[in-house]
Amino acid sequence: NPTRDPVGCGRPAGRKSWICDPDRLLSPTGADTVERALQEIHSTATRMCGDTPQGYEVAVGVVPRMVSGGQSVSTATRRFARELHNRWGVGSAECDNGVMMFLSVDDR
């Protein structure tokens with residue numbers, strides 16, 4: 001979880017992040033660019049949750065390749081991304097404002 005262990009996710013210590021790239025497939029500059037885009041989305045793209053506008057929380061997971069365990073890569077990737085979304089607590093279930101982007105680089 002990049003919000004709890006940014007270093008384990010390839011991000012600088014002490015900096016809140018929504019990117020997890022443990023194999024550091026993104027360059028530091030590239031990851032910083034993505035991080036700024038995620039912050040921009042959170043602050044400018046909002047939806048109403050009750051009477052309060054809430055920004056979207058977007059998390060990004062990057063791995064070199066999925067281990068599919070006998071499933072199709074597509075099915076394994078979709079299930080893994082959904083599990084990350086739930087475990088990381090992306091967005092609020094009440095507000096439905098969480099987005100999980102997951103990239104398995106060698107499987108594209």
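Me: Which residue in β4 is the bridge partner of Ile19?
Reply: That's Val60. Keep in mind that this is a predicted model.

Me: How many bridges join β1 to β4, and do they run parallel or antiparallel?
Reply: There are 2 bridges between β1, residues 19-20, and β4, and the two strands run parallel.

Me: And what about β4 with β5, how many bridges there?
Reply: 7 bridges, again with the strands running parallel; β5 covers residues 98-104. Among the pairs, Val62 is matched with Leu103 in β5, and Val63 has Ser104 as its partner.

Me: So what order do the strands of that open sheet have?
Reply: It goes β1-β4-β5, 3 strands with parallel pairing. β1 and β5 are the edge strands with a single partner each, so each has one side left without a neighbour in the sheet.

Me: Is β4 mostly covered or uncovered?
Reply: Mostly covered. β4 spans residues 57-63, and 6 of its 7 residues are buried.

Me: What about side chains in a strand, where do they point in general?
Reply: In a regular strand they alternate between the two faces of the sheet.

Me: Ok, zooming out. How many helices and strands are in the chain?
Reply: 2 helices and 5 strands. Reading from the N terminus, the elements go β-α-β-β-β-α-β.

Me: That leaves β2 and β3. What do they form?
Reply: A hairpin, with 2 residues between the strands. β2 is residues 46-49 and β3 is residues 52-55; they run antiparallel and are joined by 4 bridges. One of the facing pairs is Met48 opposite Pro53.

Me: Which residue in the turn has a positive phi?
Reply: Gly50, at about 70°.

Me: Which sign does phi have for most residues other than glycine?
Reply: Most of them have a negative phi. Arg24 goes the other way here, with a positive phi of about 50° although it is not a glycine. Asp96 also has a positive phi of about 50°, and it is not a glycine either.

Me: Where does Arg24 lie?
Reply: In the loop between β1 and α1, the helix at 28-44. Arg24 is partly exposed, at 49% relative accessible area.

Me: Asp96, then: buried or exposed?
Reply: Exposed, since its relative accessibility is 53% and the cut-off for exposed is over 50%. Asp96 sits in the loop between α2 and β5.

Me: Switching to Gly98. Which strand is that in?
Reply: Gly98 lies in β5. Gly98 is partly exposed, with a relative accessible area of 24%.

Me: What does Gly98 touch, not counting residues up to four places away in sequence?
Reply: Glu57, His85, Val90 and Gly91. As for His42, its C-alpha is 10.0 Å from that of Gly98, and the two residues are 56 apart along the chain.

Me: Which helix is Phe80 found in?
Reply: α2, which runs over residues 73-88. Phe80 is partly exposed, at 35% relative accessible area.

Me: And which residues is Phe80 in contact with, leaving aside its neighbours within four places in sequence?
Reply: Met66 and Phe102. The C-alpha atoms of Phe80 and Phe102 are 8.8 Å apart, with 22 residues separating them along the chain.

Me: Back to the whole thing. What radius of gyration does the protein chain have?
Reply: 14 Å, which agrees with the value near 13 Å that a compact globule of 108 residues would have. The C-alpha trace spans about 45 × 30 × 20 Å along its principal axes.

Me: How many of the residues count as buried, as a percentage?
Reply: 30% of the 108. The accessible surface comes to about 6,700 Å², and 51% of that belongs to carbon and sulfur atoms.

Me: What about contacts between residues 24 or more positions apart?
Reply: They make up 51% of the contacts that have a separation of 6 or more.

Me: Last one: how many positive and negative charges are there?
Reply: 13 positive and 13 negative, and their mean positions are 4 Å apart.

Notes:
Residues are numbered from 1 along each chain as its sequence is written. This is a predicted model: local features need pLDDT of at least 70, side-chain atom pairs count only at pLDDT 80 or more; totals for chains, interfaces and linings use all residues. Side-chain values use heavy atoms; hydrogens and water are left out. Buried means under 20% relative accessible area, exposed over 50%, partly exposed in between (1.4 Å probe, protein chains only). Contact means heavy atoms within 4.5 Å. The radius of gyration is taken over C-alpha atoms; the globule rule is 2.2 Å times the number of residues to the power 0.38. Accessible areas come from the Shrake-Rupley method with a 1.4 Å probe; for residues, only the protein chains shown count as cover. Lys and Arg count as positive and Asp and Glu as negative; His and the chain ends are not counted. The place of a charge is taken as NZ of Lys, CZ of Arg, CG of Asp or CD of Glu. Two strands pair if DSSP finds at least two bridges between them.
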